[in-house]
Amino acid sequence: MSLSRLLAAGIFAAGVAHGSVSFAASPCGHSPAHEAFSVQGLKSELMVTALKCSAQDRYNDFVAKFRPELLAAESKLNGYFRSVYGRKGQQEFDNYITQLGLVQEDAGLQSGTLFCQQRVSMFDEVKALENAEDLANYADGKDVAQPSTFEACAAPSTSHPTAPTRRRTTRKA
């Protein structure tokens, strides 16, 4: 086994172990909403890293490899925001995505010249992941900046009581 594969496997194992602990420590456990926020945060951090560190090809490889998982996470988040904010759900989701990118870009600016040295290795780590569960565990185990804390086990129910409908009747004269 090559040194790079051994290193990647070790990093992967540490990420999975840390991810398991994080899920157990979370009041929600392993919920779809929690997982979707983690995956979206990771995707955004990798995108900021790619743009700041000229690693767009590596980011594109990540997106191509995990396209179904990334789309599923985005769909879960859209559902979450629709459930929580109703008609403003899409606007709030777009707001969240914008704020997420800004928070992560700000963290990059604070890191200065060390940012790329600290972050580019994440592309090697995600390359070693094999499936959706690995991605979710890895994302949850990373310390990814988020614009707000979303302790969401699941979106609240959207069932609203409906008012009784009245029939309009016409009287015959």
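A nonpolar core is a set of buried Ala, Val, Leu, Ile, Met, Phe, Trp, Tyr and Cys residues joined through side-chain atoms within 4.5 Å; buried means under 20% relative accessible area, exposed over 50%, partly exposed in between (1.4 Å probe, protein chains only). The model is predicted: local features need pLDDT of at least 70, side-chain atom pairs count only at pLDDT 80 or more, and totals for chains, interfaces and linings use all residues. Residues are numbered from 1 along each chain as its sequence is written, and side-chain values use heavy atoms, with hydrogens and water left out.

**Exercise 1.** Find which residues touch the most other members of the largest nonpolar core, and which helix gives the most to this core.

Solution.
1. The core has 27 residues, and Leu42, Leu46, Phe62 and Leu135 touch the most other members.
2. Helix α2 gives the most, with seven residues (helices are DSSP runs of H or I, at least four residues, numbered from the N terminus).
3. Phe62 touches Leu46 and Leu135, among others, not counting residues up to four places away in sequence (contact: heavy atoms within 4.5 Å).

**Exercise 2.** Classify the ring pairs Tyr80–Phe81 and Phe81–Tyr85.

Solution.
1. Rings of Phe, Tyr and Trp (its six-membered ring) pair if their centres lie within 6.5 Å; planes under 30 degrees apart count as stacked, over 60 as edge-to-face and the rest as tilted.
2. For Tyr80 and Phe81 the centres are 5.4 Å apart and the planes at 85 degrees, so this pair is edge-to-face.
3. Phe81 and Tyr85, at 5.9 Å centre to centre and 15 degrees between the planes, are stacked.
4. Phe81 is buried at 2% relative accessible area, whereas Tyr85 is partly exposed at 37%.

Conventions: Helices (H or I, at least four residues) and strands (E, at least two) are DSSP runs, numbered from the N terminus.
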